[in-house]
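Here are some notes to help you find your way around this model. They deal with enclosed spaces first, then with aromatic rings and the charges beside them.

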Amino acid sequence: MYTTTDQAVQQTAQRLLGKQSQDGSWRFCFEMGVMTDAYMIIILRTLQIRDESLIRMLHDRMAARQEPNGAWKVYPDETAGNLSATVEAYAALLYSGHSRPSDANMKKAKQFIVSHGGLRGIDSLLTKVILACIGQYRWPPFFPLPVELMLVPSAAPVNFYDFSGYARIHLAPVMLLAGTEFAIRDERTPDLSGLIVRQTDPAHDQTRSERSNKLWTEMIQFVKKLTFLPAHLRGAARRKAEQYMLDRIEPDGTLYSYATATFLMIFALLSLGYGKRHPVILRAVEGLKSIVCRSNGTIHVQNSTSTVWDTALVSHALQQAGVTPEHPAIQSAGLYLLSKQHTRLGDWSRHVTQPVPGGWGFSDINTINPDVDDTTAALRAIHRLGSNSPDYRNAADKGLHWVVSMQNDDGGWPAFERNTDNPLLGMLPLDDAPAAAIDPSTADLTGRTLEYLGRYPGLTVGHPFIRRAVRWLLDRQEADGPWYGRWGICYIYGTWAALTGMLAVGENPEHPALRRGASWLLRIQNPDGGWGESCASDQLKRYVPLHKSTLSQTAWALDALTAYYPEPNSGMEKGVQYLLNALDKADDDIYPTGGGLPRHFYIRYHSYPYIWPLLALSHYKKKYGKAAEYD
């Protein structure tokens with residue numbers, strides 16, 4: 001427990017300074033549930049790669065996360081458990097060879113799966129695809145898009161590049177796999193036929209594909225007609241999908257820096273006739289191994305690293321806490337971030353007139369897939385470093401230009417690519433389509449972008465493109481006051497971003513929408529002074545209290561209120577006190593507050609319990625009292 005804000009800020013800053021790597025970065029674990037660990041075991045066993053130490057450690061991490069009722073969850077307070085996650089863990093534990101169907105914990109897992117609909121009840125496309133690849137799930141009809149979609153011209157109402165970048169990089173390998181109904185089995189492949197439940201209720205057997213609306217049914221039938229094209233054209237579609245993947249392999253061997261996409265690529269390459277020891281496949285496996293995170297005696301296959309994101313956030317937070325730009329840690333972090341600015345045109349450039357590279361990506365292995373949030377985070381970190389350095393000024397100019405060029409036509413900002421928000425794709429008859437198929441404007445990204453842009457003189461609500469963004473945010477406020485945040489949990493996150501963003505560009509604090517947002521934050525404060533929101537909010541699209549506080553969500557709420565109120569109120573003082581009481585035990589704050597894919601994975605950023613409280617307390621001190629400055 002810290003006794004003063006000064007003490008909390010200085011000691012948290014020193015703690016972060018001590019965690020910096022020699023290359024100037026900060027490397028924290030980007031932790032999710034068991035999905036990627038399970039897929040890693042499945043891939044290693046499928047490829048017959050003997051790495052028993054890795055497999056055993058992944059097995060043990062998964063086994064330790066099983067609930068008493070036999071299930072696995074994707075967030076701690078998830079009701080009962082998660083069927084898709086439980087099936088993934090069950091299959092992988094059996095495939096590892098270190099668990100057997102007769103084990104007590106595996107019997108409990110099977111009982112949970114069967115009682116919740118069995119394999120037919122799975123609602124995760126990724127889970128179905130992986131199971132189909134190992135011969136444990138029937139390919140049709142859950143994936144209706146043929147690989148011939150690659151041949152649909154860009155002028156068509158719906159084409160491959162209308163999908164979001166993170167959807168495309170997964171769709172290309174899945175279309176290849178589904179086209180041949182690929183499956184690979186050997187003597188170690190687990191038999192999951194005992195998990196198939198014959199439902200008496202036909203509604204249970206009805207897939208999202210079968211529930212599709214008439215419009216999409218007609219469109220899919222049109223695309224499927226392409227399968228009657230001459231064989232050489234069907235082959236051209238497969239080659240195009242193959243080349244799409246190969247062109248987007250990162251230097252470390254992963255596909256687009258995502259583990260999930262890399263797993264799918266490996267299976268897709270096998271379906272194309274690549275051998276299990278083909279150099280592209282072996283390099284992909286090495287890339288997957290390189291993103292393993294080690295923490296507290298366990299290991300975890302991250303979906304990607306979060307190094308650029310964490311480094312940018314930590315550097316900015318430290319500077320807000322009083323660490324000067326001349327400090328060696330800030331200088332080293334700045335050089336690291338300069339080295340990670342993207343210099344190549346990626347898929348994002350297809351949607352931008354006269355594109356110029358200049359963004360940053362999320363991970364240190366990402367070179368072609370920049371995003372808006374990481375770019376503004378990196379720009380915050382180097383903002384004060386450019387006064388006497390042409391390198392930083394040039395990087396900042398390119399980054400600013402890139403961010404502005406990514407604004408959607410509706411006025412908001414997306415994550416990765418502008419105007420990839422075709423509403424038809426949200427109705428695609430795939431289970432994960434509404435969250436993954438499109439990359440629309442979001443309140444969190446729009447607000448955080450405005451918060452950065454507000455540093456530039458003249459970029460206020462009086463500027464046309466800023467005014468459009470503010471209007472977009474005002475139009476998306478929920479009736480009772482909050483904003484939904486896509487990439488954090490969830491309404492606290494979105495409300496923090498919206499309020500701080502609009503205030504940074506000069507929106508009137510007396511605007512009723514801003515007043516409602518601040519009042520809502522105070523209404524949902526916990527009795528202990530903190531704030532906490534459940535990942536269930538992301539599934540239900542309404543605020544669901546966690547009934548306990550987290551450091552990051554408390555910091556977001558406090559920071560928003562600090563930006564809004566000219567003087568601190570009792571609720572804010574209680575929030576500060578919560579942070580002082582809890583911050584010295586930041587490692588125990590393990591609730592996932594990062595958004596991934598709704599219903600399927602949420603993220604525990606190991607950096608968040610340090611970064612956000614440090615930033616919020618520093619802003620609080622700067623506004624309401626003298627800030628400490630030290631070298």
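**Cavities and rings: a colleague's notes**

1. Let's begin with the empty space inside this predicted model. The count comes to 5 cavities of 30 Å³ or more.

2. The largest cavity holds about 830 Å³ of space. Its lining is made up of 44 residues, and those nearest its centre are Y166, Y258, W487, G596 and F601. If you would like to trace the walls, the elements that each give two or more residues are α6 (125–133), α7 (165–180), α11 (259–271), α15 (372–382), α18 (433–436), β6 (594–597) and β7 (601–605). Helix α7 gives the most, with 5 residues.

3. What sort of residues line this largest cavity? They divide into 29 nonpolar, 10 polar and 5 charged.

4. The second largest cavity offers about 90 Å³ of space. Here 14 residues form the lining, with M35, V74, A85, E88 and H600 nearest the centre. Two elements, α4 (83–96) and β7, give two or more residues each, and the largest share, 3 residues, comes from α4. By type, this lining divides into 6 nonpolar, 6 polar and 2 charged residues.

5. Now for the rings: the structure holds 31 aromatic pairs. In one of them, Y493 and W496, the ring centres are 5.5 Å apart and the planes meet at 45°, so the pair is tilted. Both residues belong to helix α21 (residues 491–504), where they are 3 residues apart, about one turn of the helix. Are they buried or exposed? Y493 counts as buried because its relative accessibility is 1%, and W496 is buried too, at 4%.

6. Another pair to look at is W520 with Y543: the ring centres lie 5.3 Å apart and the planes are at 85°, so this pair is edge-to-face. It links distant parts of the chain, 23 residues apart, with W520 in helix α22 (residues 512–523) and Y543 in the loop between α23 (536–540) and β5 (545–550). Both W520 and Y543 are buried.

7. Y493 and W496 also belong to a wider group. Ring pairs join them with F30, F362, W556, Y605, Y608 and W612 in a cluster.

8. Finally, which rings have a charge over them? R350 lies over the face of Y161, 3.4 Å from the ring centre. The charged end of R486 sits over the ring of W487, at 4.0 Å from its centre. You have already met W487, as one of the residues nearest the centre of the largest cavity.

Definitions and conventions:
Residues are numbered from 1 along each chain as its sequence is written. This is a predicted model: local features need pLDDT of at least 70, side-chain atom pairs count only at pLDDT 80 or more; totals for chains, interfaces and linings use all residues. Side-chain values use heavy atoms; hydrogens and water are left out. On a 1 Å grid over the protein atoms alone, a cavity is a set of points where a 1.4 Å probe fits but cannot get out, and a pocket is an open set with protein on both sides within 12 Å along at least five of seven lines; lining residues have an atom within 4 Å of a point. Grid points are joined across faces, edges and corners, and a volume is the space filled by probe spheres set on the points. Helices (H or I, at least four residues) and strands (E, at least two) are DSSP runs, numbered from the N terminus. Ala, Val, Leu, Ile, Met, Phe, Trp, Tyr, Cys and Pro count as nonpolar, Asp, Glu, Lys and Arg as charged, and the others, Gly among them, as polar. Rings of Phe, Tyr and Trp (its six-membered ring) pair if their centres lie within 6.5 Å; planes under 30 degrees apart count as stacked, over 60 as edge-to-face and the rest as tilted. Buried means under 20% relative accessible area, exposed over 50%, partly exposed in between (1.4 Å probe, protein chains only). A charge sits over a ring if NZ of Lys or CZ of Arg is within 6 Å of the ring centre and within 35 degrees of the ring normal.
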